[in-house]
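Let's take a walk through a protein fold together. Have the sequence and the picture open, and follow along at your own pace.

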Amino acid sequence: MGGCASARKNLAEAFQILRQQDFIGWNLTLPHKLAAVELVDGLDPIAERLRAVNTVVNLSGRLFGFNTDGRGLVAALGEAFGCTVF
């Protein structure tokens, strides 16, 4: 259990450093997508509903979380099979 708490603390520290260094944004993968929900200042409606963030945007020190997984999947399917799902 200590490993999870340590990883979460490290992620929070990384977010703080990225915020302070004025990084424009960054991407996340599992398991960080779930923990990031609690580390941002705001969520887009999809990220809020899924409770998962894969993209963070830093706007003047305020962090906003997005989830683009669904849109990426739809785009990949369209590109691979030449169809539109939605």
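Is Asn 54 buried or exposed? Keep that in mind while we get our bearings. What you have here is a predicted model, where local features need pLDDT of at least 70 and side-chain atom pairs count only at pLDDT 80 or more, while totals for chains, interfaces and linings use all residues. Residues are numbered from 1 along each chain as its sequence is written, and side-chain values use heavy atoms, with hydrogens and water left out.

Now for the answer: Asn 54 is buried, because its relative accessible area is 7%. Buried means under 20% relative accessible area, exposed means over 50%, and partly exposed is in between (1.4 Å probe, protein chains only). We'll come back to Asn 54 after a look at the whole chain.

The chain has 4 helices and 4 strands. Both are DSSP runs numbered from the N terminus: helices are H or I with at least four residues, and strands are E with at least two. Read along the sequence, they come in the order α-β-α-β-α-β-β-α. The C-alpha atoms fit in a box of roughly 45 × 35 × 20 Å along the principal axes. Of the 86 residues, 27% count as buried. If you look at contacts (heavy atoms within 4.5 Å) with a separation of 6 or more, 37% of them join residues 24 or more positions apart.

Back to Asn 54, which you'll find in the loop between H3 and E3. Its side chain makes a polar contact with the side chain of Thr 55 at 3.3 Å. A polar contact is a pair of N or O atoms within 3.5 Å; within protein, one must be able to donate a hydrogen and the other to accept it, and residues adjacent in sequence count only if both atoms are side-chain atoms. The side chain of Asn 54 also has a polar atom 2.9 Å from the backbone nitrogen of Thr 68. Leaving out neighbours within four places in sequence, Asn 54 is in contact with several residues, including Trp 26, Lys 33, Phe 66 and Asp 69.

Let's follow one of those contacts to Lys 33, in helix H2. Lys 33 counts as buried because its relative accessibility is 14%. Setting aside residues up to four places away in sequence, Lys 33 touches Leu 28, Arg 51, Ala 52, Val 53, Asn 54 and Asp 69.

Next up, charges. Side chains of opposite charge can pair when their charged atoms come close. The rule for a salt bridge is a side-chain nitrogen of Lys or Arg within 4 Å of a carboxyl oxygen of Asp or Glu, and by this rule the count comes to 4 salt bridges. One of them joins Lys 9 and Glu 13, at 3.4 Å from N to O. Both residues lie in helix H1 (residues 2–20), 4 residues apart, about one turn of the helix. An α-helix has 3.6 residues a turn, so residues three or four places apart point the same way. Lys 9 is exposed, at 52% relative accessibility, whereas Glu 13 is partly exposed, at 39%.

Another salt bridge joins Arg 19 to Asp 41, with the closest N and O atoms 2.8 Å apart. This pair links distant parts of the chain, 22 residues apart: Arg 19 is in helix H1, and Asp 41 is in the loop between helix H2 (32–35) and strand E2 (42–43). Asp 41 is partly exposed, with a relative accessible area of 36%.

Then there's the salt bridge between Arg 51 and Glu 38, at 3.1 Å from N to O. Arg 51 sits in the loop between helix H3 (45–50) and strand E3 (55–59) and Glu 38 in the loop between H2 and E2, so the pair ties together parts that are 13 residues apart in sequence. Arg 51 is partly exposed at 39% relative accessibility, and Glu 38 is exposed at 60%.

Our last stop is helix H4 (residues 69–81), where you'll find Leu 77. Leu 77 counts as partly exposed because its relative accessibility is 31%. Just after H4 comes Gly 82, whose phi is positive, near 65°. Finally, Leu 77 and His 32 are 45 residues apart in sequence and 25 Å apart in space, C-alpha to C-alpha.
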